[in-house]
Amino acid sequence: MTTLTETVARTRAVTAPQRVRRRLTSRVASAVAIVIAVLWTTPTFGLLLSSLRPEDQIKSTGWWTFFSDPQLTLENYQEVLFGTSSSSGQMMSFLINSIVITIPSVLLPLALSTFAAYALAWLPFRGREWIYIGVFALQIVPLQMALVPLLSFFSQGVEVFGLQVLPGWELEGSARFVQVWFAHTCFALPLGIFLIHNFMAELPGDLMEAARVDGATHGTILRKLVLPLVGPALATFGIFQFLWVWNDLLVALIFAGGTAETAPMTVRLAQMAGTKGNEWQRLTSGAFVSVVIPLAVFLSMQRYFVRGLLAGSVKG
Amino acid sequence: MDFDFAAEQPKLVQLLIGVAAFLVVVAVILLLVDRAPMRRRAWSHATILLLPALALLGIGLVVPAVRTTLLSFMSGDGRDWVGLDNYAWMFTQPEALTVLRNTLIWVLLVPLLVTTVGLVYAVLVDRTRFEPVAKSLVFLPMAISFVGAGIIWRFVYAYRADDQDQIGLLNQLVVSMGGQPQQWLQEPPLNTLFLIVVMVWIQAGFATVVLSAAIKGIPAEIIEAARLDGASPVQMFFRVTLPSIRSAVIVVLVTQSIGTLKLFDIVRTMTGGQFDTSVIANEMYNQAFRYGETGKGAALAVFLFVLVTPIVIYQIRQRREVR
């Protein structure tokens, strides 16, 4: 009791002269925070507003003119998504490509990482530690190290000392999606195995032992016991991989080519920024279409994303 | 305006095939694991579960990395050995040196700016009423692709001659303060800084989230004690907050350095590497996939690997200490 009253007394004594100063600093602090928040949202807001303005207005006046002369239209979206002339965005085709690329590129590494992580965390076999360290170390390798040889693996197959060991895949048309899935899956595995392994390794050993004593096979343990428990880790890795694949430009440029047949939206947007750099009505609406889906996923699963960030999942 | 949905059908069929293949792979692996005999040494199970992932890692990363290293000592068409020529090109030719200089500017500035902005913001909004909303606002750009962010910012930097209305926000601000509109992205060396702004804009949210979590982890007693001793907010920050979250700050610095070294999309979308803005990853793409100079591209990739490796090793050690 005495300590408490003492504390209160001391606090009062200290705050009297400081209260004013503290309130001042908190004013300044709030102002700085607001400035940062405004700086961070204005560019996106400007893009969204512009994408809804008529074409001639976007090109002749700034988006802030909207507040004095409000005119909105959905025509840019109509044009960029469904326009059929080659100068329009044809974004609908690329949007579908993005979806076709993303779904298997998330599912496959998710499943393969889970299997591998289970083996590395819970199966007793010799060399386990070394394999884990090896997989872990692969996180170092930048994508750039793999691109050229992997592309030649797809197109020309494997040749050892002039001897054709494996033929090229010779994928045409929409079959080329397969090589994009393949590349994304390979590149995702080191991080996936690492993240899911960390989570799995912390499951209680007694639980596993009990299941095994009861005669459960590894398949059963994995399906019935482990999977429900590692759900959050799978969600974390899933959302990371989704954002990575959806937003990726480099892998898509190299393995999906640049046509409406297989290329995702990022590739199309980069093309439009290069060749139609001043067609702002298409660029703004196109960019916003590509941004909306990841934003929605992100907002609904932010919890898992943050957890993943804090667990150290950053990919290269 | 008739969009032909029928033409999109082969893609959807392909997607169905892909998902079906996924289901088959999962089913086969689970089935094999169930069938394999249960022994104490779990070799057969381990092989079934690990083999697909390890095979893909071998095909997709290990072998290509080795081949890229070999290619970096070969000529553009990959036929003749040229020794260290590609590396000599990288460290002597002016256009390659510009690339290295730009990469250095990026990797020095981005981690520093991202950490500073993230830290200031995290401290300022900590324990305020609007904290969740404020953090979300800064965090949102993380969901946007670098390409999308590139377009957003090209629009901010857009240029119109000074007898016309400006449509870019930055030039509008300059003009309204009586200045001349500028072609921000075309004038080296400042244009690299304008590209760096975009990266900082995207990544600051990452720093905010990580550092904010660390700040919340500081024991309440320490803060209380400092407050009772009459520490001012500035003193609090430098004497209490910063030392307590040192390891989180290092994590942010390190991850940002790695991400920045590999940066490609922003430069490609906004300037295409023109006007002296190219960086290693962009130049690697150009050399290997546009000019057919596989050797030079490979050398750049290897150099990137060499730059990233010590940082990653440091990061791993650091993380082990944090645990």
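Where in chain B does UniProt place the feature "transmembrane region"? The unreviewed entry puts this feature at residues 12-33, 45-66, 104-125, 137-156, 193-215, 236-258 and 298-316 of chain B. Those positions come from the record, while everything else here is computed from a model that is itself predicted.

Two of these stretches give a feel for what the record is pointing at. Residues 45-66 of chain B are 100% helix and 0% strand, and the C-alpha atoms at the two ends of this span sit 30 Å apart. The story for residues 104-125 of chain B reads much like that: this part of the chain is 100% helix and 0% strand, with 32 Å between its end C-alpha atoms. Stepping back to the whole chain, the domain assignment splits chain B into domain 1, covering residues 5-71, and domain 2, covering residues 85-322. Taken over C-alpha atoms, the centres of domain 1 and domain 2 of chain B are 36 Å from each other.

Chain A comes in two pieces as well, with domain 1 at residues 2-76 and domain 2 at residues 80-310. Where these two domains of chain A touch, domain 1 puts in eight residues and domain 2 puts in eight residues. On the domain 1 side of chain A, helices α1 (2-51) and α2 (55-60) each bring at least two residues to the contact with domain 2. Of the elements on that side, α1(A) gives the most, with four residues. Sorted by class, the face of domain 1 of chain A that meets domain 2 of chain A holds three nonpolar, three polar and two charged residues.

Further along chain A, helix α4 (residues 91-122) packs against helix α7 (residues 177-201). Their axes are 6 Å apart and meet at an angle of about 40°. Because of that angle, α4(A) counts as oblique to α7(A); the cut-off for roughly parallel is under 35 degrees. As for handedness, α4(A) and α7(A) make a right-handed crossing. The residues in this helix pair's contact break down into 21 nonpolar, seven polar and no charged ones.

Finally, there is the meeting of the two chains. Chain A brings 98 residues to the contact and chain B brings 97 residues. On the chain A side that touches chain B, the tally by class is 65 nonpolar, 30 polar and three charged residues.

Notes: Residues are numbered from 1 along each chain as its sequence is written. Chains are lettered from A and ligands numbered from 1 in the order in which they are written. This is a predicted model: local features need pLDDT of at least 70, side-chain atom pairs count only at pLDDT 80 or more; totals for chains, interfaces and linings use all residues. Axes are lines fitted to C-alpha atoms, for helices over the stretch in contact, and angles run from 0 to 180 degrees between N-to-C directions. Angles under 35 degrees count as roughly parallel, over 145 as roughly antiparallel, 65 to 115 as roughly perpendicular and the rest as oblique. A crossing is left-handed if the near helix is turned anticlockwise from the far one by less than a right angle, and right-handed if clockwise. Ala, Val, Leu, Ile, Met, Phe, Trp, Tyr, Cys and Pro count as nonpolar, Asp, Glu, Lys and Arg as charged, and the others, Gly among them, as polar. Two residues are in contact if their C-beta atoms, placed from the backbone, lie within 7 Å. Domain bounds come from an automatic or database domain assignment. UniProt positions are given in the numbering used here, feature names are shortened, and annotations may be inferred rather than shown by experiment.
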